[in-house]
Amino acid sequence: MGATFLVCHGAWSAGWAWKKMHPLMCAAGHRLITPTYTGLGERVHLADKSIGLETHIEDILNVIKYEDLRDFVLIGHSYGGMVATAVADRARDRVSQLIYLDAFVPDEGQSLLDLNESARPRMQELARASDGWRVPPNPTPPDTAPADLEWLSERRVDMPIRCFETKLKLHGGPLKLPRSYIYATRITPADTFARFASRAKSEPGWRYFEMDASHSPHVTAPEALMSLLQKIATASRVDAG
């Protein structure tokens, strides 16, 4: 039996950004579910200044509820690490393991901007320069192929700043389920995710992996990501059983 993977995607993105991964997952016998948060992608018509982290957490929790998902692998990419942490907390009896893909790893009471304090002034200024609440997309990695850059640029949309300002609320205390961290080693000068990679390497309860890829390997290195995700999921099932 293959695994079920549920993705909490990154900021400015949506389920469509995982398009390259679907045939790879299917060929490997797995199921990949890539829902889109409210206000982004095909749900951009719902964009509103009231949307925050909690909205996106509820989006994913409702997918779990209405698809009746159980014993699945939860993936959080980038901002999606904020969402995935809360989802894993509130659906502890359903998530089998949690994989952070070059993602933020928050603790109770932390927002994304708490974890990326250097970005706070720029994010706030960008929001003020638009209509007070929209933050335009960050640049794509420089190794993104021209065709992919065009594809991404046509579809990425602004993000409500409230998503970055909302502090995480954990309902059940620290997470105890199996967790893995994938660090993409083609870093930007800011190296935003190094601190979380270091945490995964040093704290008990984590497995740590690296990829020779930039920040969005589901776009730039899908085959390598597929291989690594399968390795992680398979090893965890063996350990569990």
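This passage describes the sheet, the helices packed around it and two loop residues in a predicted model. Because the model is predicted, local features were considered at pLDDT of at least 70 and side-chain atom pairs at pLDDT 80 or more, whereas totals for chains, interfaces and linings use all residues. Residues are numbered from 1 along each chain as its sequence is written, and side-chain values rest on heavy atoms, with hydrogens and water left out.

Helices (H or I, at least four residues) and strands (E, at least two) are DSSP runs, numbered from the N terminus. An open sheet is formed by 6 strands in the order β2-β1-β3-β4-β7-β8, with parallel pairing, where two strands are taken to pair if DSSP finds at least two bridges between them. The edges are occupied by β2 (31-33) and β8 (206-211), each of which has a single partner strand, so one side of each is left without a neighbour in the sheet. From one strand to the next, the twist averages 20°.

Strand β1 (4-8) pairs with the edge strand β2 in the parallel sense over 3 bridges, and within this pairing Arg31 of β2 is the bridge partner of Thr4. Burial, defined as under 20% relative accessible area (exposed being over 50% and partly exposed in between, with a 1.4 Å probe and protein chains only), extends to 5 of the 5 residues of β1. Both faces of β1 are covered, with Thr4, Leu6 and Cys8 buried on one side and Phe5 and Val7 buried on the other.

Towards the other edge of the sheet, β7 (residues 179-184) pairs with β8 in the parallel sense over 6 bridges. In this pairing Arg179 stands opposite Trp206 of β8, and Tyr183 stands opposite Glu210 of β8. Strand β7 also pairs with β4, again in the parallel sense, over 4 bridges, and here Ile99 stands opposite Ser180 in β7. Like β1, β7 is mostly covered, with 6 of its 6 residues buried. Its two faces are both covered: Arg179, Tyr181 and Tyr183 are buried on one side, and Ser180, Ile182 and Ala184 are buried on the other.

Helix α3 (residues 80-90) lies across β1, β3 (72-77) and β4 (95-101), and runs at about 150° to β3; axes are lines fitted to C-alpha atoms, for helices over the stretch in contact, and angles run from 0 to 180 degrees between N-to-C directions. Two packed helices are described by the angle between their axes and the distance between the axes. Helix α2 (residues 53-66) and α3 pack at an angle of about 50°, with their axes 9 Å apart. That angle makes α2 oblique to α3, given that angles under 35 degrees count as roughly parallel, over 145 as roughly antiparallel, 65 to 115 as roughly perpendicular and the rest as oblique. The contact (heavy atoms within 4.5 Å) is made by residues of α2 that include Leu53, Ile57, Ile60, Leu61 and Ile64, and by residues of α3 that include Met82, Val83, Ala86 and Val87.

Among the other helices, α5 (residues 120-129) has Arg120, Met123 and Ala127 buried. These residues cover an arc of only 70° around the axis, which puts them on the same side of α5, the arc being that of the directions from the helix axis to the C-beta atoms. An α-helix has 3.6 residues a turn, so residues three or four places apart point the same way. The buried residues of α5 pack against α4 (112-115), β5 (134-135) and α7 (162-165), while Pro121, Arg128 and Ala129 are exposed on the other side of α5.

In helix α6 (residues 146-153), Asp148, Trp151 and Leu152 are buried. They cover an arc of only 95° around the axis, which puts them on the same side of α6. What covers these buried residues includes α9 (217-220), and the face of α6 turned away from its buried side carries the exposed residues Pro146 and Ser153.

Two loop residues are notable for their backbone angles. Most residues other than glycine have a negative phi. Asp71, in the loop between α2 and β3, nevertheless has a positive phi of about 50° although it is not a glycine. Asp102, found in the loop between β4 and α4, likewise has a positive phi, near 45°, and at 3% relative accessibility Asp102 counts as buried.
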